[in-house]
Amino acid sequence: TTTSGNIASALSGYTLSEITSLKVSGTLDARDFKVIRNNMTKCEILDLSGVTSIHEYKGYDGTWKLPGLTGGMGTDKDDNHTYPAAELPDQAFSRYGQGGDRFVAEGWWPMESLQKVILPSCINAIGDDVFRRSEVIQTILIGDDNNYFKSMDGVLYSKDGKTLQQYPFGRKGDFTLPASVRIASPLASRMRSIRFAQSSIVIGI
């Protein structure tokens, strides 16, 4: 169990880079997501179903990095950011910056081992670039008690099933949208092949 901004302390007895599966309960904010994303490079399964609240955070120590300035890395001033309460933070599972070598060009660096994530039921929104270039993830789940999103077969949709919210890009082969889907986010265009049910009217790709 952890409280917002304290996940590093809660896991102080563990080597973060060796964790392959993590289940979190308690409260979090963007600082905790940064610790998970940047340090748990071998984490394959991340279970956040026990998280009861994501608190607002304002500051420099969250997940967000502004691309495009000073060679793409931005400055400390640029990285000051507000993360709303109850929102999965911007860039939660994919960071912008350099690789482990300072000579490597800046770019997007997702959690390279993350295959399955169970999102907290307390969220009401998902920030930008959360799964950017996350090409190994297979399954995205969320509890049935969430009022804004639902998961079907490991794919994330709006609660009413009309919007494809997030597809796990680690999956191979074709994907057929359910007939209920009317809107697919631009992320859907990254799928290798997508089939539309006859009754679907899909916009926004």
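This passage walks through a predicted model, from the whole chain to a pair of strand pairings and then to one serine.

A good place to start is the overall make-up of the chain, which contains 2 helices and 16 strands. Of its 205 residues, 43% count as buried. The surface that the chain exposes comes to about 10300 Å², and 48% of that area is supplied by carbon and sulfur atoms. Contacts also link distant parts of the sequence: among those between residues at least 6 apart, 51% join residues at least 24 apart.

Strand β8 offers a helpful view of how the strands are arranged. This strand, spanning residues 116-119, pairs with strand β2 (residues 45-54) in the parallel sense over 3 bridges. Here I118 of β8 stands opposite D47. Strand β8 also pairs with strand β10, made up of residues 139-142, again in the parallel sense and over 4 bridges. In this second pairing, K116 has T139 of β10 as its bridge partner.

Further along the chain, S158 rewards a closer look. The residue belongs to strand β12, which covers residues 155-158. S158 counts as buried because its relative accessibility is 12%, below the 20% cut-off for that class. A polar atom of the S158 side chain lies 3.4 Å from the backbone nitrogen of K162. Leaving aside residues up to four places away in sequence, S158 touches Y148, F149 and K150, together with T163 and Q165.

Key:
Residues numbered from 1 in each chain as written. Predicted model: local features only at pLDDT ≥ 70, side-chain atom pairs only at ≥ 80, totals over all residues. Heavy atoms only, no water. Buried < 20%, exposed > 50% of the residue type's maximum accessible area, 1.4 Å probe, protein only. Polar contact = N/O pair within 3.5 Å; in protein donor to acceptor, adjacent residues only side chain to side chain. Contact = heavy atoms within 4.5 Å. Areas by Shrake-Rupley, 256 points an atom, 1.4 Å probe, with all protein chains shown as cover. Pairing = 2+ DSSP bridges.
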